[in-house]
Amino acid sequence: MLTLVLSIFALGLVAPLAARRLPRHAGWVLAAPLLGVTAWLAARIPAVARGEALRQAVDWVPALQVALSFRLDGLGLLFALIVASIGTLIVVYSGGYLKGDPRLGRFLSFMLLFMGSMLGVVLADNVITLFVFWELTSVTSFLLIGFDHEDPRSRRSALQALLVTGGGGLALLAGLVLMAIAGGSWELSELLARGDLFRDHPWYAGILVLVLLGAFTKSAQFPFHFWLPNAMDAPTPVSAFLHSATMVKAGVYLLARLHPALGGTPAWVWTLVAFGGLTALLGGLAAIRQTDLKRLLAYTTVAALGQLVVMAGLGTAYAMQAFVVYLLAHALYKGALFMGVGAIDHETGTRELGALGGLARLMPVTAAAVGLAA
């Protein structure tokens with residue numbers, strides 16, 4: 001698993017060279033190894049379905065009990081497959097979207113570095129390893145949102161996203177360290193088996209607040225929901241990958257991952273249901289008023305993230321099944337809709353609903369794809 005993550009980082013480093021040597025086909029060339037990563041993960045489905053969990057650990061700072069440890073179980077495999085499979089398609093899409101742009105290599109490099117970071121988040125089993133990859137997703141997201149750095153709006157949106165998600169990440173670090181001290185281990189898999197210890201611990205309230213700050217900022221929950229629509233200044237492939245399918249779901253992944261340790265208490269249930277429900281309501285109402293297609297999709301994403309937080313908060317067997325199904329469905333349809341909007345913007349030069357009409361006759365393939373996704 002470490003090799004898997006490092007190989008994507010290495011691919012990110014060679015992306016500029018691939019874009020210079022093969023400007024027309026860079027997306028396809030870089031997508032080929034990613035398809036191999038997806039296939040490797042898919043091949044693990046039978047073992048994980050039998051209840052097996054794959055684990056790998058490499059000493060990093062032995063004196064502090066910090067290891068680069070990774071664990072592949074059902075939840076991790078679901079998220080890893082979403083990251084790898086949709087990431088493969090987005091890399092191909094990016095090659096066409098930025099065709100002829102001299103910045104293509106840099107863009108693909110940032111995208112692959114983000115993908116490696118996100119894969120590290122969902123596979124990490126050590127709390128420090130998780131935090132490192134968590135913050136790497138914030139840094140690479142900053143680079144991607146501010147990709148059009150000549151535009152003051154892009155720079156402002158990128159900085160806003162970095163401050164919100166990076167600040168939440170520091171709160172998360174404090175929460176994870178307190179969990180490790182209280183639970184007597186730095187490995188998540190061991191901490192998750194000690195749920196009763198945490199729920200009865202005097203530090204529980206503090207740990208819960210710190211962890212929820214990290215999760216809520218990453219997944220744009222009220223009152224931190226404002227940064228996600230503003231991040232739509234990023235190129236459309238970024239919106240499709242980071243802001244619908246992967247990064248914004250890191251927060252809900254964390255809630256699902258830590259549910260066995262922190263969930264089930266009235267504080268957990270009522271906090272998640274209240275904030276998730278309010279976020280879903282605000283996102284849905286704001287979406288109705290939008291005339292920019294990307295902002296419309298952004299606000300519906302905020303609403304969907306709120307619904308996922310509500311399901312994670314309820315934590316019943318049916319709620320968690322619904323959580324998994326809706327998580328996968330949303331990643332697929334919202335990623336596709338963002339790419340469809342990108343195609344419309346690319347060909348017409350606008351995303352304003354009032355200026356668009358009759359496109360089904362001119363763009364029948366895109367119309368069919370958008371209709372299927374919707």
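This report walks through the pockets, the cavity, a hairpin and a few single residues of one structure.

**How sure is the model?**

Keep in mind that you're looking at a predicted model. The chain averages a pLDDT of 90, and 100% of the residues score at least 70. Confidence does vary between elements: helix 14 (residues 266–288) has the highest mean pLDDT, at 95, while helix 12 (residues 236–245) has the lowest, at 83.

**The spaces**

Here are three spaces to look for, with their volumes and the make-up of their linings.

| Space | Volume | Lining residues by class |
|---|---|---|
| Largest pocket | About 240 Å³ | 13 nonpolar, three polar, no charged |
| Second largest pocket | About 170 Å³ | one nonpolar, three polar, six charged |
| Largest cavity | About 50 Å³ | four nonpolar, one polar, four charged |

Let's start with the largest pocket. It has 16 residues in its lining, and those nearest its centre are Leu293, Val341, Ile344, Leu359 and Val370. Which elements give two or more residues to this lining? They are helix 15 (293–314), helix 16 (317–348), helix 17 (359–362) and helix 18 (364–373). If you colour the lining by class, you'll find 13 nonpolar residues and no charged ones.

Now move to the second largest pocket. Around it you'll find Arg153, Arg156, Ser157, Gln160, Asn230, Met232, Asp233, Asp292, Arg295 and Arg351. Helix 7 (residues 152–183) is the top contributor here, giving four residues to the lining. Charged residues make up six of this pocket's lining, with three polar residues and one nonpolar residue besides.

How many cavities of 30 Å³ or more does the structure hold? There is one, with about 50 Å³ of space in it. Its lining is made of Arg71, Asp73, Ala124, Asp125, Leu188, Ser189, Leu192, Tyr253 and Arg257. Two elements give two or more residues each, namely helix 8 (188–192) and helix 13 (250–262). Helix 8 gives the most, with three residues. In this lining, four residues are nonpolar, four are charged and one is polar.

**A closer look at Arg257**

One of the cavity-lining residues, Arg257, sits in helix 13. Is Arg257 buried or exposed? The relative accessibility of Arg257 is 9%, so this residue counts as buried. Leaving aside residues up to four places away in sequence, Arg257 touches Asp73, Leu75, Gly76, Val122 and Leu192. Two of these names, Asp73 and Leu192, also turn up in the lining of the largest cavity.

**The hairpin**

Next, find strand 1 (residues 54–61) and strand 2 (residues 66–72), which pair in the antiparallel sense over seven bridges. If you'd like one pair to pick out, try Ala57, whose bridge partner in strand 2 is Ser69. The two strands form a hairpin with four residues between them. In the turn, Gln65 has a positive phi of about 60°. Why is strand 2 described as largely enclosed by the rest of the structure? Because six of its seven residues are buried.

**Two more residues to find**

His243 belongs to helix 12, the element with the lowest mean pLDDT. With a relative accessible area of 0%, His243 is buried. Not counting residues up to four places away in sequence, His243 touches Ser141, Ile145, Trp227, Leu228, Ala231, Met232, Val238, Val248, Thr301 and Phe338. Among them, Met232 is also part of the lining of the second largest pocket.

Leu159 makes a handy contrast. You'll find Leu159 in helix 7, the helix that gives the most to the lining of the second largest pocket. Leu159 is partly exposed, because its relative accessible area is 45%, and the cut-off for exposed is over 50%. How far apart are the C-alpha atoms of Leu159 and Leu332? They are separated by 28 Å, and the two residues are 173 residues apart along the chain.

Technical notes:
Residues are numbered from 1 along each chain as its sequence is written. This is a predicted model: local features need pLDDT of at least 70, side-chain atom pairs count only at pLDDT 80 or more; totals for chains, interfaces and linings use all residues. Side-chain values use heavy atoms; hydrogens and water are left out. On a 1 Å grid over the protein atoms alone, a cavity is a set of points where a 1.4 Å probe fits but cannot get out, and a pocket is an open set with protein on both sides within 12 Å along at least five of seven lines; lining residues have an atom within 4 Å of a point. Grid points are joined across faces, edges and corners, and a volume is the space filled by probe spheres set on the points. Ala, Val, Leu, Ile, Met, Phe, Trp, Tyr, Cys and Pro count as nonpolar, Asp, Glu, Lys and Arg as charged, and the others, Gly among them, as polar. pLDDT is the predictor's confidence in each residue, from 0 to 100. Two strands pair if DSSP finds at least two bridges between them. Buried means under 20% relative accessible area, exposed over 50%, partly exposed in between (1.4 Å probe, protein chains only). Contact means heavy atoms within 4.5 Å.
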